[in-house]
Amino acid sequence: MEKKQKVMAKRLIVSAVLMIAGVILEKQSSWAWLPYVLAYLAAGYDIPLKALRNIKNGQIFDENFLMTIATFGALFVGALEEAVAVMLFYQIGELFNDYAVGKSRKSITALMDINPDYANLLKDGQEEQVDPYEVQVGDMIVVKPGEKVPLDGVVMKGSSTLDTKALTGESLPVEVEEGQDVISGTINLNGVLEVKVTKLFDDSTVAKILELVENASSRKSRAENFITKFARVYTPIVVFLALFFAIVPPVFFNQEWSVWIYRACSFLVVSCPCALVISVPLSFFGGLGAASKEGILLKGSNYLEAVAGLETVVFDKTGTLTTGKFQVTEIHPENGDSKELIKLAALGEYHSNHPIASSVKEAYGQEILAEQVCETEELAGKGIHAVVMDAGRQRNLFIGNKKLMDSCKVLCQEVKDILGTVLYVAEDNQYLGYIVIADTIRQDAPEAVKRLRKVGVEKMVMLTGDRQEVGNAVAEKLGLDQAYGNLLPGDKVDKVEELLKQRPEGKALGFVGDGINDAPVLARADVGIAMGGIGSDAAVEAADMVIMTDEPSKIGDAIAIARKTMGIVKQNIVFAIGIKVLVLILTALGMASMWAAVFADVGVSVLAIMNSIRALYYKK
């Protein structure tokens, strides 16, 4: 518990003890009023001061004003015990609220621990501890075991294991070695790393994430805006109604002043909108906290509200549902020797840096000596002609598409209805077989589709710049509703516009992309969701929600968290307004005392706050 909360707790204990003393002395001494007054001051001396300060600043009708008028009125008519009780329980409610907000805030601001304090700058072989802001692109830094990686960069020397939990929510550590990227905010667990910096601190992953988290609470949802506007209108109305009850019956109907002032004070206590003003933002804060624990960052509670209404989810293909990395998926030799076919293809592709060539060499997995490749010739739009040495003899290879086979007069059947690129291999004019290279589906993609169906997403569509038949194959394999291929970035925006018109009223459309070339579509969708947000500036800038891991299934978690949060918000609104309206009516009719008013204010607030805390906890 923080120092401020401890002081308040002590004040409330003192107030409670004094109040008990007042109750004991009430029938035995004429000085019984003194413990009550001291109890009132101990519990709430700061409330009238806050009310006066706010009035000077032009903010009249707030909870401090209501509590001050109500308790002063109760003291005036001799309801000392009720006046102290109102202030005591109101402050208990505020203390409980501070605790709840602190608990919610910790779940989000735990991310602030990723902020590095220093960087070990390497200059002329010497280490110097400097502020991360002082490090320039191209500088070398050293990251020792137990230290945070201060800036984004590439490992130039060493290997280690990194803890990415603070960024991604994933407990499994990540192995890194020379040539691999590292991102700021992760923790080096064992080896010493020498890293070449690729981004200034202001542009680094950790800086972007911290900026996103700090700004999240400033973007309010419609429900929060409604409550703010409601309180501004509602509070002055009930103050004037209380004034009406205090004056009109005694003046015009010869009723007792003390009775109607007491009712007016009770009316003011009931009318305090604390339960709504506190619990609704707290619910959203809890929802944002629960999402951040799962490695899901939202730019504000307005987007949490939009995510709860997702009915259509549109996916980009490459980098979202597929890995974006080509791999050999099938090897079909004409003579039955798969190893021989992939070896010859790898020899022929030795000098090529094309992604398809790289995937073939990776699939072969063995060292190729430069002297094994005698000559290579790239045939534009067709493939490669290569002369290689294999097992002591020269081999004349042709590796490429069907056009190359036709031009070399190699007889072979064209392979159709294949998901990926087909690489035909021939020696002289003899056909040896074909290899299929494809962009592989993410391991998590089938689970993502399954989970989205489970949480009630009605329509799932895939957009891709790839061929229509490739898009159809991926969509069919994953169980998506539709796929649109051969799309340029502008075409994707047009297609999303079309889908936005088709979605039901009051429902939202989300677009999931890699945040680099999909920025226009991310911005146009109701909810732009960036996959693989780590290290991608465009993802953080263009998206409304960033999945900090490469797991599209997290979108299902985000929807579940958002819907749970919205359910809690609606429960609090209905419960708080319902109880308050009921007790207000009973108070006006003289059927409810100030004790009922205390429950309708503080009791309802505490119950609503307790309900709001549930938003912090999410189980899949």
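**Exercise 1. Contacts along the chain**

Task: Among contacts between residues at least 6 apart in sequence, find what share joins residues at least 24 apart.

Solution.
- Step 1. Fix the term: a contact means heavy atoms within 4.5 Å.
- Step 2. Keep the contacts between residues at least 6 apart in sequence.
- Step 3. Of these, 66% join residues at least 24 apart.

Before going on, note that this is a predicted model, where local features need pLDDT of at least 70 and side-chain atom pairs count only at pLDDT 80 or more, while totals for chains, interfaces and linings use all residues. Residues are numbered from 1 along each chain as its sequence is written, and side-chain values use heavy atoms, with hydrogens and water left out.

**Exercise 2. Overall form**

Task: Set the protein's radius of gyration beside that of a compact globule of 620 residues.

Solution.
- Step 1. Take the radius over C-alpha atoms; the globule rule is 2.2 Å times the number of residues to the power 0.38.
- Step 2. The rule puts a compact globule of 620 residues near 25 Å, but the protein has 34 Å.
- Step 3. Look at the spans. The C-alpha trace covers about 120 × 60 × 35 Å along its principal axes.
- Step 4. Add the surface. The protein exposes about 29,200 Å², and carbon and sulfur atoms supply 56% of it. Such areas come from the Shrake-Rupley method with a 1.4 Å probe; for residues, only the protein chains shown count as cover.
- Step 5. Turn to burial. Buried means under 20% relative accessible area, exposed over 50%, and partly exposed in between (1.4 Å probe, protein chains only). Buried residues make up 52% of the 620.

**Exercise 3. The six-stranded sheet**

Task: Which strands stand at the edges of the open sheet?

Solution.
- Step 1. Count the elements: 21 helices and 22 strands. Helices (H or I, at least four residues) and strands (E, at least two) are DSSP runs, numbered from the N terminus.
- Step 2. Two strands pair if DSSP finds at least two bridges between them.
- Step 3. Write the order of the six strands: S12-S17-S16-S15-S14-S13, with antiparallel pairing.
- Step 4. S12 (322–333) and S13 (373–379) stand at the edges. Each has a single partner strand, so one side of each is left without a neighbour in the sheet.
- Step 5. The twist averages 20° from one strand to the next.
- Step 6. Zoom in on one pair. Seven bridges join S16 to S17. Valine 422 stands opposite valine 436 in S17.
- Step 7. Find the helix. H13 (residues 355–364) lies across S12, S16 and S17, at about 60° to S12. Here axes are lines fitted to C-alpha atoms, for helices over the stretch in contact, and angles run from 0 to 180 degrees between N-to-C directions.

**Exercise 4. A residue in strand S12**

Task: Is threonine 322 buried or exposed?

Solution.
- Step 1. Place threonine 322 in strand S12.
- Step 2. Its relative accessibility is 0%, so threonine 322 counts as buried.
- Step 3. List its contacts, leaving out residues up to four places away in sequence: Lys317, Asp439, Thr440, Ile441 and Arg442.

**Exercise 5. Salt bridges**

Task: How many salt bridges does the rule give? Then study three of them.

Solution.
- Step 1. State the rule: a side-chain nitrogen of Lys or Arg lies within 4 Å of a carboxyl oxygen of Asp or Glu. The count comes to 20.
- Step 2. Aspartate 46 and arginine 11 meet at 2.9 Å, N to O. The pair links distant parts of the chain, 35 residues apart: aspartate 46 is in helix H3 and arginine 11 in helix H1. Aspartate 46 is buried at 13%, and arginine 11 is buried at 16%.
- Step 3. Lysine 199 and aspartate 152 meet at 3.9 Å, N to O. They are 47 residues apart. Both are buried.
- Step 4. Glutamate 340 and lysine 343 meet at 3.6 Å, N to O. Both lie in helix H12, three residues apart, about one turn of the helix. Glutamate 340 is partly exposed, at 21%.
- Step 5. Follow the links outward. Glu340, Lys343, Asp390, Arg393, Arg395 and Glu427 form a network of salt bridges.

**Exercise 6. Positive phi**

Task: Where is aspartate 428 found? Where is asparagine 486?

Solution.
- Step 1. Aspartate 428 sits in the loop between strands S16 (421–427) and S17 (430–441). Its phi is near 55°, positive in a residue other than glycine. Aspartate 428 is partly exposed, at 42%.
- Step 2. Asparagine 486 sits in the loop between strand S19 (482–484) and helix H17 (489–502). Its phi is about 55°, although asparagine 486 is not a glycine. Asparagine 486 is exposed, at 51%.
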